[in-house]
Amino acid sequence: MSETRIFNFNAGPSALPLTVLKEIQASFLDFKGSGMSVTEISHRSGVFDEVINDTVARTRRLLNIDEKYHVLFLQGGASLQFAMIPMNFLGEGATADYVNTGTWSTKAIKEAKLLEKKISVVASSEDKNFSYIPKNIEFNKDAKYVHITSNNTIKGTQWHSFPDTNGVPIVSDMSSDIFSRPLEMEKFGMIYAGAQKNIGPAGVCMVILHDDMLKLSEELLQGENKTLPNMLRYNTYSSQNSMYNTPNCFGIYVTQLVLKWIEEEIGGLTKMEARNKEKGQMLYDFIDGSNFYRATAEKDSRSLMNVTFRLPTEDLEKEFIGQATKNRLGGLKGHRSVGGCRASIYNATTMEAIEALIKFMKSFASGK
Ligand SMILES: *Cc1c(COP(=O)(O)O)cnc(C)c1O
């Protein structure tokens, strides 16, 4: 670990693998012998084609998907997807099911309602402050999709298995846990993620879309959606390798390096998951064994990406966060809407960082 770098537990944008940052640094002034930086080359050049095509190929290999899925790079973050999903997939009279598991799901629901689409909130964990993932949900058979948030970045909960939806495709916001574990992709009509938590810098949103969903959106474009602007249509991106306009070249390049790191250094998603489980387990075990710290999510719903916890009082939490920062442990403040503390331990967070955090937590508690 470099002397100047801290242990970074930021929720997003968040830590990237050190080897990735070093590779960016090393190639920054002269990208692949072009004599230019990656931020200076044309997105229409062969050099950039290689970057985007390799990022797509690595995505396919890691998730074990073929050409039935389109791998796209958009801008506007995950938040724009909250609108594009109902816009593209819900025609007149069509419905979709939504599960509300926290702040981001709530925003997705609000956006669909703003567009006056017909949606049902089929389950919610709002009754217990979103501290769990709902079970035994009854889905509507005629829904066009079921929208979920696989990892709830703010509340610290995560779906550990995905529900049986009677064959209705799941559309999942995976902003904070994409590429953290293998997925049964057959269940998903679409997954999407703002890159800035687990796969890259802010400004690029990855969308992985099944061809059936694309076809559904294209049918609507023939009729009632015929005035939908080009930038809001999925097929604008799928038909032009995400280069209808200038994409976020730098963001896609960093994503490529992160996926390369997962494939070549970690060894794929099964190993990534094992590593994430080991890190999460270690931190939760410590919290559970302490009578000072208290985890906020219910045990079977705990996130391996965002560990949310409280101290006995808010004053102690403030002191804890302040002292942690002085000890080079950054980003431990809970989201402003919920308070408390949160350690975001995404893919790039090392075991060394978890050990340093636990060591600090122990010493802080023993002084109280
Ligand atoms: C951070 C986050 C978002 C918001 O992403 P933007 O890219 O900022 O729009 C949406 N969903 C989840 C689960 C998130 O963690």
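**Helix 3, length.** I started with helix 3, residues 77-89, in this predicted model. I wanted to know whether its length fits its residue count. At 1.5 Å a residue, its 13 residues should span 18 Å. I looked up the end C-alpha atoms and found them 19 Å apart, which agrees with the expected span.

**Helix 3, bend.** Next I followed the axis. Helix 3 bends by about 30° at Ala83. I also checked for a proline. Pro86 follows Ala83 within four residues.

**Helix 3, cover.** How many of the 13 residues of helix 3 are buried? I get ten, so I note the helix as mostly covered, taking buried as under 20% relative accessible area. The bend residue Ala83 is on the buried list, and Pro86 is there too. I also wrote down Ala78, Gln81, Phe82 and Met84. Ile85, Met87, Asn88 and Phe89 complete the list.

**Ligand, shell.** I moved to the ligand. Which element gives the most residues to the shell around it? Helix 3 does, with four. The ligand has 13 residues around it. I sorted them by class and got three nonpolar, eight polar and two charged residues. Those that come nearest are Ser79, Thr153, Asp173, Gln196 and Lys197.

**Ligand, polar pairs.** I then looked up distances for three of these side chains. A polar side-chain atom of Ser79 sits 2.6 Å from a ligand oxygen. For Asp173, a side-chain N or O atom is 2.6 Å from a nitrogen atom of the ligand. For Lys197, a side-chain N or O atom is 2.7 Å from an oxygen atom of the ligand. I asked how much of the ligand's accessible area the protein covers. The ligand has 380 Å² on its own, and the protein covers 87% of that.

**Gln158.** I found Gln158 in strand 7, residues 157-158. Its relative accessible area is 3%, so I log Gln158 as buried. What does its side chain contact? I found a polar contact of 3.0 Å to the side chain of Asp177.

**His43.** This residue is in the loop between helix 1 (18-27) and helix 2 (46-63). Is His43 buried or exposed? At a relative accessible area of 15%, His43 is buried, because the cut-off is under 20%. I also took a long-range distance. His43 and Leu283 are 240 residues apart along the chain, and their C-alpha atoms are separated by 43 Å.

**Backbone check.** Last, I went through the backbone for exceptions. Most residues other than glycine have a negative phi, and most peptide bonds are trans. I noted three places that depart from this.

- Where is the cis peptide bond? I found it between Gly12 and Pro13, with omega about -10°. Pro13 is in the loop between strand 1 (7-8) and helix 1.
- Asn166 is not a glycine, yet its phi is positive, about 60°. I placed Asn166 in the loop between strand 7 and strand 8 (170-173). With a relative accessible area of 43%, Asn166 is partly exposed.
- Phe179 also has a positive phi, near 60°. I placed Phe179 in the loop between strand 8 and strand 9 (188-194). Its relative accessibility is 1%, so Phe179 counts as buried.

Notes: Residues are numbered from 1 along each chain as its sequence is written. This is a predicted model: local features need pLDDT of at least 70, side-chain atom pairs count only at pLDDT 80 or more; totals for chains, interfaces and linings use all residues. Side-chain values use heavy atoms; hydrogens and water are left out. Helices (H or I, at least four residues) and strands (E, at least two) are DSSP runs, numbered from the N terminus. The expected span of a helix is 1.5 Å times one less than its number of residues. The bend at a residue is the angle between axes fitted to the seven residues ending there and the seven starting there. Buried means under 20% relative accessible area, exposed over 50%, partly exposed in between (1.4 Å probe, protein chains only). A residue is near a molecule or strand if one of its heavy atoms lies within 4 Å of it. A polar contact is a pair of N or O atoms within 3.5 Å; within protein, one must be able to donate a hydrogen and the other to accept it, and residues adjacent in sequence count only if both atoms are side-chain atoms. Accessible areas come from the Shrake-Rupley method with a 1.4 Å probe; for residues, only the protein chains shown count as cover. Ala, Val, Leu, Ile, Met, Phe, Trp, Tyr, Cys and Pro count as nonpolar, Asp, Glu, Lys and Arg as charged, and the others, Gly among them, as polar.
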